[in-house]
Amino acid sequence: MKREFVDEKYKWDLSHMFASRLEWEKSFSATNSKIGEIGGYRGKLINPEMALKFFRLADEICLSVERLYVYAHMSMNADGTNGEAVALAERATSLSATLGAAMSFATPELTAIPEEKLDEMIRDPRFADYEYTLKCIKRDKPHVLSDKEEYILARLGEVTHGFKDIFEKIDSVDLPHPTVKAGGTKVPLTHGTYSKLLENQDPAVRKKAFATYYALYEERINTIAACYANSVKKNNIIAEIRGYKSALDASMESDDVPAGVYTKLIEAVEAGLPDLHDYMEDRREALGGTMHMYDLYVPLNNDADLGTDYEEAFETVVKALSPLGEEYKRRLIAMRDERRIDVMECEGKRSGAYSWGAYGTGPYVLLNYSGTAHDIFTIAHELGHAMHSEYSDESLCYNKAGYSIFVAEVASTTNEILLLKYLLNETKDNATRKYLLSYYLNMFRTTFFRQAMFAEFELYAHNARKKGEALTVESLSKAYLKLNKKYYGKAVIHDRQIRYEWARIPHFYNAFYVYKYATGITAAVTLADMILNGGQAARDRYFDKFLRAGGHKSPYEILKDAGVDLLTDRPYEVAMREFRTTLRALEREM
Ligand SMILES: [Zn+2]
């Protein structure tokens, strides 16, 4: 459908950001010239008065650029066929790059401020808005090298960042697209169609897709192994040069999360593996006695009859989130009434879903609602992001409101869990219950167990290399297969090709990233449990300590204040108990 034919009430109203294109243009020119003022602070940040003025100016400009950028990109996302919107987005991108270049002197200059002086600034109430920024600068200080060394690293950075780029070229440009026959049609194999083919009800189609897909990686396996091994080497070398104990420490320190959280996750997940094995066993039986690795994604329960029109789905989500109170509900309804949600699929619209917005002008949500059961969960999920932003933005200054990736998926997943429990309570229908319970179990399998397994693999690779072992096709694949067996257990046939799965995971080129998915769902399960069973005090705590906490301090500390200490066993135990209870409930429905 063309966008012009979509009912206005299903299109977002971006005038909350800029009343008109003309307003955008005015702000663009003003911001563009204001960026010129930044250069006046170069070489002067050692002086606290100047540093403070610089921070305030930077906030003002960053906020303007953010609003221009978000407005332009959201316009383009809604309709990529609109040439005017595309041009706007290009201009906003280049403005943002200009700002980045103009600000590039600031971090090295601030880092060069002597520690005592940084401490004074941190204690100075005038710097209250920048306290966490300054603390992060102080934290990184011991790992910053001399000007000359930093220059060399920065220049070489263009090369050392290349492994990710090389992998992307192999993975998304060089890989051919052989066809796989499914239900009489020949489907060209891409990353997108591969995951669809694995959901095909015909086992022969799944098997063929799996074999064809993995053959592509196997044909290039030596190249990919060399690429990954060098990427790991690079991470270890840079961590060592910067004086970190390990690449893991370097990465966790930049998240501002204790490295112990990573190892705690890997240790804690072990306790849940027997239940994962039981789940695999149940699936094997349901599949008729054998289950291959390529049978992991096929839905055993057809899409439940939750599919409804958008209005009804929205109402369901609002009801399901009622444990979060009246005010939360009022805000959800305002999202709809202020037309902050772009609902329908249309020509030129970006696929998928997201929540986005600029500080001070409220959040927006993009959907491609098609009425499936999964789409209802997407509404709850994206509104979770939106509300997290809204509460944090209104409680904190610009500099502290933005939350980090470590906590970014927590509020959204919490909402999905609340919706799931609501729907389970509401329905007596056996097929729907099975669908919901399976949905939840799969969420655990893919977001918790699978990501923890990836995390364990990354840790293995970096440690092995550090100990001087060579990372080869053989050593990487052997380690991967061992982990695959440990996680999925004996109910699954560990097909030969699965040992090469590490070779197709793009996230591995952002080392130590995926663990955040696993800790995120762990936190969400714990918080949902507290919201439903902890009484009013627990709900208030969720708002005050989490939704309103943005990124004003370490994301680990924020979750700890909210009642989820990821260095302790408890949240993992809660999550694993939840998995077990859900599994038993599904077994009872069978
Ligand atoms: Zn999300």
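What follows is a conversation about a predicted model, taken feature by feature.

Visitor: Let's start with the metal. Which atoms coordinate the zinc ion?

Guide: The donors are NE2 of H381, NE2 of H385 and two OE atoms of E409, at 2.1 to 2.7 Å. Donors must lie within 2.8 Å of the metal, so these atoms qualify. Along the chain they follow the spacing H-x3-H-x23-E.

Visitor: What makes the arrangement around the zinc ion irregular?

Guide: The angles do. Four donors count as tetrahedral if all angles lie between 85 and 135 degrees, but here the angles are 51 to 140°. Square planar would need opposite donors over 155 degrees apart, and the range stops at 140°. Neither description fits, so the site is called irregular.

Visitor: Why are H381 and H385 said to be about one helical turn apart?

Guide: Because they are four residues apart in helix α17 (residues 373-395).

Visitor: How do you know whether H381 and H385 are buried or exposed?

Guide: Buried means under 20% relative accessible area. H381 has 14% and H385 has 10%, so both count as buried.

Visitor: What about N77, buried or exposed?

Guide: With a relative accessible area of 13%, N77 falls under the 20% limit and is therefore buried. N77 is found in helix α2 (residues 48-78). From N77 to I46 is 31 residues in sequence and 42 Å in space, C-alpha to C-alpha.

Visitor: On to the rings. Why is the pair F448 and F449 called edge-to-face?

Guide: The centres are 5.0 Å apart and the planes make 80°. A pair needs centres within 6.5 Å, and planes over 60 degrees apart count as edge-to-face, so both conditions are met. Both residues are buried.

Visitor: What makes F454 and F508 an edge-to-face pair?

Guide: Their centres are 5.3 Å apart, with 80° between the planes, so they pass the 6.5 Å and 60 degree limits too. F454 sits in helix α21 (residues 430-466), while F508 is in the loop between α22 (473-488) and α23 (515-533); the two are 54 residues apart. Both F454 and F508 are buried. They also belong to a cluster linked by ring pairs, whose members include F167, Y228 and W502. By this rule the model has 45 aromatic pairs.

Visitor: How do you know that R331 sits over the ring of Y391?

Guide: Its charged end is 4.1 Å from the ring centre, and the distance limit is 6 Å. R445 lies over the face of Y297 in turn, at 4.7 Å from the ring centre.

Visitor: Finally, the strands. Why are β3 and β4 called edge strands?

Guide: The open sheet has the order β3-β5-β4, with mixed pairing. β3 (341-344) and β4 (354-357) each have a single partner strand, so one side of each has no neighbour in the sheet. Neighbouring strands are turned by 15° against each other on average, direction ignored.

Visitor: How do you know that β4 and β5 pair?

Guide: Two strands pair if there are at least two bridges between them; four bridges join β4 to β5 (residues 363-369), so they qualify, and they run antiparallel. One of the bridges links G357 with P363 in β5.

Visitor: And what makes up the hairpin of β1 and β2?

Guide: Strand β1 (residues 179-182) and strand β2 (residues 185-188) are antiparallel and joined by four bridges, with V187 in β2 as the partner of V180. Two residues lie between the strands, and G183 in the turn has a positive phi of about 55°.

Methods:
Residues numbered from 1 in each chain as written. Predicted model: local features only at pLDDT ≥ 70, side-chain atom pairs only at ≥ 80, totals over all residues. Heavy atoms only, no water. Phe/Tyr/Trp six-rings, centres within 6.5 Å; stacked < 30°, edge-to-face > 60°. Buried < 20%, exposed > 50% of the residue type's maximum accessible area, 1.4 Å probe, protein only. Lys NZ or Arg CZ within 6 Å of the ring centre and 35° of its normal. Donors = N, O, S within 2.8 Å, 3.2 Å for Na, K, Ca; no water. Tetrahedral: all angles 85-135°; square planar, octahedral: opposite > 155°, others 65-115°. Axes fitted to C-alpha atoms, helices over the stretch in contact; angles between N-to-C directions.
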